[in-house]
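Biologist: I am new to this structure and would like a close look at one part of it, the strands and how they pair. Could you take me through that part slowly?

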Amino acid sequence: MSNLTNFSDEIFKCIRCGACRAVCPTFGEELSEISVARGRMALIEAVMGGELSLTDAFEKAVFHCAMCGACKAGCPSGVDVPAVIEAARAELVEKKRSEGLVRFLARKSLKDKKSLDHAFSLMALGRVAYGPLAATPLAKYLPYQYEDFKRNFPKIPRKPLSSRIPPVSRIRNAKGTVLFYAGCVINYVYPEIGVAALKVLNHAGYDVVFVKEELCCGKPLISLGETEAFRSVAEKNVSLLSGVAADYIVSACPTCSLTLKEDYLKILPESDKAKALGAKVRDINQFLLHETDFITRLDAAEMVITYHDPCHLAHGMGIKKEPRELLDAVTLGGLVEMEEASRCCGFGGSFSFLNYELSGKIANRKVANIIKTGAPAVVTACPGCLMHIGDALRQAGSDTVAFHTLQIYEQAINKK
Ligand code: SF4
Ligand code: SF4
């Protein structure tokens, strides 16, 4: 049976209105019908009807989607475009046996904790060589070095979050217990954000549990169409995280939150544990504003910032006001809105590794909007966006500094 069979109703819901053209970041750069949800739905429908085969051009159109979900959020017919695209990618993997380096590495490195640790150790070594080489004429032989876009990868610290914080951080008279799920980018690349999360959650009145054995949420796998590898990761994480007695599962990565909350249940529909786990998941900004009195426990200071909405938070989970409310309180009204705040920054996880040039063009539009605000700092609620926007700002020669929301909240409690 085709991976697309279950999605025929979804595809037929598309009325070809073209509203998605206004919000689609890939269409904004490529201005071609196959680069927007409407065209992609038409191509997938043609494949389902047997009028088109799984050609390389079809594969390119399907993998050129940033999976930002802006089309789904604004679609008058409610077409779940990212879900259809994921199914098309799974079809390509299964029937066309699509393969590539990014896919191969994702499958091998995300499957268990040991492989994940090895992969990030290797990346740390690779980064040490890549950085200096990228500054020499040999850069043209490196991946991700184009004429207009020359990627800088962040340093990967020697000690991940799992070596920096205890499994349980207790406080006196805690109101409850939160399981903090870090995800790969925070665990291995930005452990300081995880440390900030722990301090902020304790300050908000909760004991914090961290499961050092947590695996990648698996979103890169499902985005690449690797359904079976994703199922295996989902099963392991559900079993691991469900074993912890916690009132909430909180993440500071919207992609992880969305995956734990929705995708695990989609891939494991019969699992009561996946259902119970999903019900406990909260984005950290949402949690702090709605479940705690954190906003009343701040030592606010004047600061001018602008805010970028991560796609999986704004479009995927509908969370836009929570980080703004908290940031506005922390900065004493210093939040300045940028134009197109909820337009994708171009990261898209595996998207930026598969399509770096397109991803860079999308980032440039974001950077221009950030710079136009005149704010010295841009804040976002996603470690992936933070990495991508920080790199794009550097490439643009801007002095604007990028922060995660937690780094701003942490400043406001450190003064206490
Ligand atoms: S907005 Fe929705 S219904 Fe309209 S063309 Fe795009 S996907 Fe189809
Ligand atoms: S998910 Fe984003 S990139 Fe993909 S078609 Fe929709 S708006 Fe465009």
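Modeller: Two strands are counted as paired if DSSP finds at least two bridges between them, and that rule is applied here to a predicted model. With this in mind, we can begin at strand S6, residues 305–308, which is joined by four bridges to strand S8, residues 377–380, the two running parallel. Within this pairing, Thr306 stands opposite Val378 of S8. S8 is also joined to strand S9, residues 401–404, again by four bridges and with the strands running parallel, and here Thr380 has His404 in S9 as its bridge partner. Helix H20, residues 383–395, belongs with these last two strands, since S8, H20 and S9 together make a right-handed β-α-β unit.

Another set of strands can be read in a similar way. Five strands form an open sheet with mixed pairing, and their order is S1-S3-S2-S4-S5. The edges of this sheet are strand S1 (168–169) and strand S5 (281–283), each of which pairs on one side only. Helix H15, residues 284–291, packs on the sheet, where it touches strand S4 (248–251) as well as S5, and the direction of H15 makes about 95° with that of S5. At the other edge, S1 is joined by two bridges to strand S3, residues 206–209, and these two strands run antiparallel; Val168 has Val209 in S3 as its bridge partner.

Key
Residues are numbered from 1 along each chain as its sequence is written. Chains are lettered from A and ligands numbered from 1 in the order in which they are written. This is a predicted model: local features need pLDDT of at least 70, side-chain atom pairs count only at pLDDT 80 or more; totals for chains, interfaces and linings use all residues. Two residues are in contact if their C-beta atoms, placed from the backbone, lie within 7 Å. Axes are lines fitted to C-alpha atoms, for helices over the stretch in contact, and angles run from 0 to 180 degrees between N-to-C directions. A crossover is right-handed if, with the strands pointing away from the viewer, the path from the first strand over the helix to the second runs clockwise.
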